[in-house]
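Subject: Structure handover

Hello,

Here is the structure I promised to pass on. My notes on it follow below.

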Amino acid sequence: MDQKSYFCNLLMELKEKQKKILDEAVQLFKEKGYMGSSVRDLATQLNIKAASLYAHIRSKEEILEWICFGIAQDFFVELQEVLNTDIKPSDKLNLFIDKHLSVVLKNPDVTHIYSNEWKHLEERLPEFVELRKKYQQEVEQLISGIYKAENWELKSPSFTTRFILHTLNNSYFWFKRNTGSNVEITDEIRNKILFGLLGNQKR
């Protein structure tokens, strides 16, 4: 992973046993879902007693927090780089798509959990909801600014933003199941998004 990756930094901060727990939990949550997985299941995967896990984690929910907040911060880092880049608006839209997809590509299983299981957060759910809302708002401002600069028609900034993020966040499916190269898949996803958004408008 990139050195600036928050999720990578999180892994570096965790103790060796916690890293192993996180790795096993990602696979377990992906296969059985967060709600379908138990601490006992995780302990079995690690070949230890369930009670022993609590020496390393506060709860199963803490692992979900590591996953959701970690990958969310990676998306923010890449978005900030796009915002700080001085290029023409249409190129900035391409760059945003590439940057967001790069996080998904590096973390397909984590993105899967982030996209599907975040609602099961409890203690930090309000905080995470605000984080997601902030990201969506910043992306919406970016998209609106690009459309305005290019004189493209944008009927619903909010819907357009949700459409883009939903498509990008669920692209892990194609990266894991498609036999083509990652570059080809990225290009295909980008082209489909841009065609769907712009239609016959000049790109």
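Which helices each supply at least two residues of the lining of the second largest cavity? They are α5 and α8. Please keep in mind that this is a predicted model.

**Overall fold**

The chain holds 11 helices and zero strands. Read along the sequence, the pattern is α-α-α-α-α-α-α-α-α-α-α. The chain has 203 residues, and buried ones make up 43% of them. Take the contacts between residues at least 6 apart in sequence: 68% of these join residues at least 24 apart.

**Helix α5**

Helix α5 covers residues 60–83. Its 24 residues should span 34 Å at 1.5 Å a residue, counting one less than the number of residues. The end C-alpha atoms are 35 Å apart, so the model agrees with that expectation. α5 is mostly covered, with 19 of its 24 residues buried.

**The core**

The largest nonpolar core has 54 residues. Ile 63, Phe 96 and Phe 128 touch the most other members. Eight elements are worth colouring here: α2 (16–32), α3, α5, α6 (89–106), α7, α8, α9 and α11 (182–198) each supply at least two residues of this core. α5 gives the most, with 12 residues. As background, nonpolar side chains in soluble globular proteins tend to be buried together.

Start with Ile 63. Neighbours within four places in sequence are left aside here. Ile 63 is then in contact with Ile 21, Leu 22, Ala 25, Phe 29, Leu 42 and Ile 57.

Now Phe 128. This residue lies in helix α8. Is Phe 128 buried or exposed? It counts as buried, because its relative accessibility is 0% and the cut-off for buried is under 20%. Not counting residues up to four places away in sequence, Phe 128 touches Cys 68, Phe 69, Ala 72, Tyr 114, Trp 118 and Leu 121. Phe 128 and Phe 69 are 59 residues apart along the chain, yet their C-alpha atoms are separated by 7.2 Å.

**Cavities**

How many cavities of 30 Å³ or more does a search of the whole structure find? The search finds two. The second largest has a volume of about 40 Å³. Its lining consists of Ala 72, Phe 75, Phe 76, Tyr 114, Leu 131, Arg 132 and Tyr 135. By class, that lining divides into six nonpolar, no polar and one charged. Two of the lining residues, Ala 72 and Tyr 114, are also touched by Phe 128.

**The largest pocket**

The largest pocket has a volume of about 400 Å³. It is lined by 15 residues, and the closest to its centre are Arg 132, Gln 136, Leu 165, His 166 and Asn 169. Which helices should you display for this site? α7 (108–117), α8 (125–150) and α9 (157–169) each supply at least two residues of the lining. The lining has four nonpolar, seven polar and four charged residues. Arg 132 appears in the lining of this pocket and in that of the second largest cavity.

**Loops**

Arg 124 sits in the loop between α7 and α8. It counts as partly exposed, because its relative accessibility is 27% and that class runs between 20% and 50%. Leaving out residues up to four places away in sequence, Arg 124 touches Glu 61, Glu 65 and Phe 69. Arg 124 and Glu 62 are 62 residues apart in sequence, and 9.5 Å apart in space, C-alpha to C-alpha. Phe 69 is touched by Arg 124 and by Phe 128.

Two asparagines deserve a look at their backbone.

- Asn 47 has a phi near 60°, a positive value in a residue other than glycine. It lies in the loop between α3 (39–46) and α4 (50–53). Asn 47 is exposed, with a relative accessible area of 70%.
- Asn 151 has a positive phi of about 60°, although it is not a glycine. Its place is in the loop between α8 and α9. Asn 151 counts as exposed, at 70% relative accessibility.

Best wishes

Methods. Residues are numbered from 1 along each chain as its sequence is written. This is a predicted model: local features need pLDDT of at least 70, side-chain atom pairs count only at pLDDT 80 or more; totals for chains, interfaces and linings use all residues. Side-chain values use heavy atoms; hydrogens and water are left out. On a 1 Å grid over the protein atoms alone, a cavity is a set of points where a 1.4 Å probe fits but cannot get out, and a pocket is an open set with protein on both sides within 12 Å along at least five of seven lines; lining residues have an atom within 4 Å of a point. Grid points are joined across faces, edges and corners, and a volume is the space filled by probe spheres set on the points. Helices (H or I, at least four residues) and strands (E, at least two) are DSSP runs, numbered from the N terminus. Ala, Val, Leu, Ile, Met, Phe, Trp, Tyr, Cys and Pro count as nonpolar, Asp, Glu, Lys and Arg as charged, and the others, Gly among them, as polar. Buried means under 20% relative accessible area, exposed over 50%, partly exposed in between (1.4 Å probe, protein chains only). A nonpolar core is a set of buried Ala, Val, Leu, Ile, Met, Phe, Trp, Tyr and Cys residues joined through side-chain atoms within 4.5 Å. Contact means heavy atoms within 4.5 Å.
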